[in-house]
Amino acid sequence: MTRTFKALMAATALTVFAAPAAFAQSAPTTPMQVHAMAAQPALNLSAYGEVRVAPDMATITFGVQTEAPTAQAAMADNARRMQEVFAALSRAGIADRDIQTSGLNLSAQYDYVENQPPRLRGYQASNQVTVIINDLTKVGTTADAVVGAGVNQINGISFGLKDPKAAEDQARVLAVRALQDKARLYAQALGVELGGVRSLNEGGGYQPQPPVMFTGARMAMADSASTPVAAGEMTVRIDITGTYDLGR
């Protein structure tokens, strides 16, 4: 680099850095102050509301299982008996929209003897349907009717609500009240002022009861008396979590 070029660079550097200094002399500025912002204290809590209500509907899953030497014979026999079951459901007042096929299966059946190859015994056909019963007084008689028509498998019964919104809303109100009471108690114990709700989240809600299995003893009762079925009550629960601001 030549001496002339170095001198030119020095002059340029002085010009660039001298400008702010000259401006500072004409318009002095106050020193910048930085304030650290403390996080707003908060209270995170959870609560739930729970109501017990009587169900107003039932769901039954049942089926017909048949066996025959050939697959065609097993399916034909099964279809004939299922037609009788559908007719029995119609006589019991069950609408077509409340009947749904939930399983259809055909499988080969083998006999197994030690040290011998499996021997084909025949074929097994199975047809299962799920039925919604909107009148709980007809649950037992409906079970009896389908067993009398040829059903030899009842996989379970569950109870539920046609419209769970009213029960869920009631549980929501109870959950919020419980959360508010808990928040006030914590604030009082801490000696601080309780602020507003910063966030609120919901979980839980209505879930149909899991199916309850029918025992063989109950199925046998269909021959002499109406099968007893007790609906009882079911629980609807709402879980919530909330964050409250706290005063200092």
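This passage describes the fold of a predicted model, from its overall make-up to its sheet, its cores and two of its buried polar residues.

The model is a predicted one, in which local features need pLDDT of at least 70 and side-chain atom pairs count only at pLDDT 80 or more, whereas totals for chains, interfaces and linings use all residues. Residues are numbered from 1 along each chain as its sequence is written, and side-chain values use heavy atoms, with hydrogens and water left out.

The secondary structure of the chain comprises 5 helices and 7 strands, where helices (H or I, at least four residues) and strands (E, at least two) are DSSP runs numbered from the N terminus. Read from the N terminus, these elements follow the order α-β-β-α-β-β-α-β-α-β-α-β. The chain has 248 residues, of which 31% count as buried; buried means under 20% relative accessible area, exposed over 50% and partly exposed in between, with a 1.4 Å probe and protein chains only. Its accessible surface amounts to about 15900 Å², and carbon and sulfur atoms account for 56% of this area, as computed by the Shrake-Rupley method with a 1.4 Å probe, only the protein chains shown counting as cover for residues. Contacts (heavy atoms within 4.5 Å) often span long stretches of sequence, since of those between residues at least 6 apart, 84% join residues at least 24 apart.

An open sheet of 4 strands has the order 3-4-2-5 and antiparallel pairing, two strands being taken to pair if DSSP finds at least two bridges between them. Strand 3 (99-111) and strand 5 stand at the edges with a single partner strand each, so one side of each is left without a neighbour in the sheet. From one strand to the next the twist averages 15°. Strand 3 is joined to strand 4 by 12 bridges in the antiparallel sense, and within strand 4 it is Y123 that stands opposite A108. Strand 2 runs antiparallel to strand 4, with 11 bridges between them, and T61 has T130 of strand 4 as its bridge partner. Strand 2 also pairs with strand 5 in the antiparallel sense, over 7 bridges, where T59 stands opposite S158. Of the 12 residues of strand 2, 10 are buried, so that the strand is mostly covered.

Two helices are in contact with these strands. Helix 2 packs on the sheet, where it touches strand 2, strand 3 and strand 4, and its direction makes about 150° with that of strand 2; axes are lines fitted to C-alpha atoms, for helices over the stretch in contact, and angles run from 0 to 180 degrees between N-to-C directions. Helix 3 lies across strand 2, strand 4 and strand 5, running at about 10° to strand 2. Helix 3 is mostly covered, with 8 of its 11 residues buried, and G150, which follows this helix, has a positive phi near 130°.

In soluble globular proteins, nonpolar side chains tend to be buried together. A nonpolar core is here a set of buried Ala, Val, Leu, Ile, Met, Phe, Trp, Tyr and Cys residues joined through side-chain atoms within 4.5 Å. The largest such core holds 21 residues, among which I60, F62, V85, L89, V131, V146 and V151 touch the most other members. At least two residues of this core come from each of strand 2 (57-68), helix 2 (71-91), strand 4 (119-133), helix 3 (139-149) and strand 5 (153-160). Another core, of 19 residues, lies apart from it and includes V53, A175, L179 and A187. Residues up to four places away in sequence being set aside, V151 touches F62, G63, V64, V85 and V146.

Polar residues are also found among the buried positions of the two helices. N78 lies in helix 2 and counts as buried at 3% relative accessibility. Its side chain is joined to that of T66 by a polar contact of 3.4 Å, a polar contact being a pair of N or O atoms within 3.5 Å; within protein, one must be able to donate a hydrogen and the other to accept it, and residues adjacent in sequence count only if both atoms are side-chain atoms. The side chain of N78 further reaches the backbone oxygen of A125 at 3.2 Å. In helix 3, T142 is buried with a relative accessible area of 2%, and a polar atom of its side chain lies 2.5 Å from the backbone oxygen of K138. Beyond four places in sequence, T142 touches L89, A92, I94 and I133.
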